[in-house]
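I opened a new notebook page for this structure. My plan was to look things up one at a time and write down what I found.

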Amino acid sequence: MLRTLTAGESHGSALTAIVEGIPAGVTLDRAFIDRELERRQGGYGRGKRQKLETDRIFIDSGTFKGVSTGAPITLRLINNDAKLERLSEPAAPRGGHVDLAGSISYQTGIRQVLERASARETAVRVAAGALARLVLREVGITVFGYVAELGGIAAPPLSRDVAVRDASPVYTLNPEADAAIVAAIDAAREAGDTLGGVVETIVTGCPIGLGSHVQPDRRLDARLACAVMGVQAIKGVEIGLGFEAARRPGSKVMDPIRYEPEHDADDRRYGFRRPSNNAGGIEGGTSNGEPIVVRAAKKPISTLASRGPSINMATKAESPATYERSDVCAVPAASVIVENVVGFEIAAALLERFDGSSLDSLRATMAAVHALNREKLDHWAERP
Ligand SMILES: Cc1cc2nc3c(=O)[nH]c(=O)nc-3n(C[C@H](O)[C@H](O)[C@H](O)COP(=O)(O)O)c2cc1C
């Protein structure tokens, strides 16, 4: 079982995650985790905070000579901008934030709730996801995220080239759209406004059988939606065609099934091929071997330089919302967060399906189930 909890405030001393369930024997590639952290901090439209922080991961437990032991792994990120106790109490809550509801609910000031609600927390969640992806990498599963739309400007992918995404200032796969997107971010900054967008994550190499149809909370699509919705400012999640499926007739949604024996030999899909992937790699809550495609809508940042209307909590008089230092656009960062959150959930489903006490065990049980599936497929008529 793979699970994690995070702790830490935006301007506290550090962010921490304890990750339990990483198999023994995984080389803890800190450079990979740091690279994901660096990508999360990047992208055009971020604010000054990202220049103050240089996120580097510390691994405080669960490792021996750079290799996981199977024990809980503690991940820690130090906040350079630690000044929690010196920060003032916002006078007027910001709409679109936890400020009002959270401070009433917890009977505290606004500062206490906003510090924990802040998306700074996603830094350590990215680290946990990147750690889980080290397991996926060992068994040939890849996770890839990019920006599909920003500020209403579509950036349909022109390739799946990581180098193209990494060269894009806004993490798209469409260099032709980048200039217009950058200009839109500049215009929003100029107007004291902010922009949202759509990010997409694609997982390839998943074996058939992650998740299950037998209980709603075991459905892989439900689990992915829950994990992605758990990211700050994500307001919608789609798997495969998503909302578009509701607009089409069934014949334009259902993915045909083909059998191509030439692919049968050493294939995680046993030769079964789908010419389309409208289901986004999940049918009946179960991975079907096709790429898993998850899209998420990120709302624009609610803290506006132009300061939206609000109420002074002490006097109840109308007042502009308090301004907290903020990004203009964090959609590129959201693509990295969603990618790593999806990676974590896929790894969790994988380690439930197969024995994850050690990497060797994981590989062995994956191979054994694969061989058994092969054999059962060859004797289909004998099934009960
Ligand atoms: C990467 C990232 C960066 C964010 N940066 C900011 C920011 O600078 N200012 C802000 O007001 N909201 C920011 N947000 C959004 C808030 O964290 C989020 O809207 C808020 O916590 C309320 O949660 P909700 O939108 O899910 O209801 C960011 C979100 C993400 C994913």
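Is Arg-46 buried or exposed? I looked this up before anything else. Arg-46 is buried, with a relative accessible area of 14%. I note that the model is predicted.

**Entry: around Arg-46**

I placed Arg-46 in the loop between α1 (30-41) and α2 (49-52). Then I looked for its polar partners. The side chain of Arg-46 has a polar atom 2.6 Å from the backbone oxygen of Arg-40. The side chain of Asp-327 makes a polar contact of 3.1 Å with the side chain of Arg-46. I also listed the contacts of Arg-46, setting aside neighbours within four places in sequence. They are Arg-40, Gln-41, Asp-327, Cys-329, Ala-330 and Ala-333. Cys-329 is on that list, and I checked its accessibility too. Cys-329 is buried, at a relative accessible area of 0%.

**Entry: cysteines**

How many disulfides does the count come to? I got zero disulfides. I took Cys-206 as a case to follow up. The closest cysteine sulfur to that of Cys-206 belongs to Cys-226 and is 18 Å away, which is too far for a bond. The cut-off for a disulfide is 2.5 Å between the sulfurs. Cys-206 itself counts as buried, with 2% relative accessibility.

**Entry: the four-stranded sheet**

I traced an open sheet of four strands in the order β1-β2-β6-β3. Its pairing is antiparallel. β1 (3-7) and β3 (58-59) are at the edges with a single partner strand each, so each has one side without a neighbour in the sheet.

I then went through the β1 and β2 pair. Five bridges hold β1 to β2 (residues 14-20), in the antiparallel sense. Leu-5 is opposite Ile-18 in β2. Ala-7 is opposite Thr-16 in β2. The hairpin of β1 and β2 has six residues between the strands. In that hairpin, Gly-8 has a positive phi near 130°.

Next I asked which helix lies across β1, β2 and β6 (73-78). I found helix α5 (residues 122-138), running at about 140° to β6.

**Entry: Val-19**

I picked Val-19 in strand β2 for a closer look. Val-19 is buried, with a relative accessible area of 0%. Its C-alpha atom is separated by 4.5 Å from that of Thr-4, 15 residues apart along the chain. I listed its contacts, again leaving aside neighbours within four places in sequence. Leu-2, Arg-3 and Thr-4 are among them. So are Pro-72, Ile-73 and Leu-75. The list also includes Ala-128, Leu-131 and Phe-344.

**Entry: the five-stranded sheet**

I traced an open sheet of five strands, in the order β8-β7-β9-β15-β10, with antiparallel pairing. The edge strands β8 (153-154) and β10 (234-239) each pair on one side only. β8 runs antiparallel to β7 (residues 142-150), and two bridges join them. Leu-150 has Ile-153 in β8 as its bridge partner. Helix α8 (residues 220-229) packs on this sheet and touches β10 and β15 (292-298). The direction of α8 makes about 155° with that of β10.

I looked up helix α9 (residues 331-353) as well. Helix α9 lies across β7, β9 (197-204), β10 and β15. It runs at about 150° to β7.

**Entry: positive phi outside glycine**

Where is Lys-65? I found it in the loop between β4 (63-64) and β5 (67-68). Lys-65 is not a glycine, yet its phi is positive, near 50°. At 74% relative accessibility, Lys-65 counts as exposed.

Tyr-270 is not a glycine either and has a positive phi of about 55°. I placed Tyr-270 in the loop between β11 (258-259) and β12 (272-273). Tyr-270 counts as buried, with 7% relative accessibility.

**Entry: domains**

I checked the domain assignment last. It gives domain 1 (3-240 + 279-353) and domain 2 (356-384) for the protein chain. Their contact takes 12 residues from domain 1 and eight residues from domain 2. The centres of domain 1 and domain 2, over C-alpha atoms, are 34 Å apart.

Terms used. Residues numbered from 1 in each chain as written. Predicted model: local features only at pLDDT ≥ 70, side-chain atom pairs only at ≥ 80, totals over all residues. Heavy atoms only, no water. Buried < 20%, exposed > 50% of the residue type's maximum accessible area, 1.4 Å probe, protein only. Pairing = 2+ DSSP bridges. Contact = heavy atoms within 4.5 Å. Axes fitted to C-alpha atoms, helices over the stretch in contact; angles between N-to-C directions. Polar contact = N/O pair within 3.5 Å; in protein donor to acceptor, adjacent residues only side chain to side chain. Domains from an automatic or database assignment.
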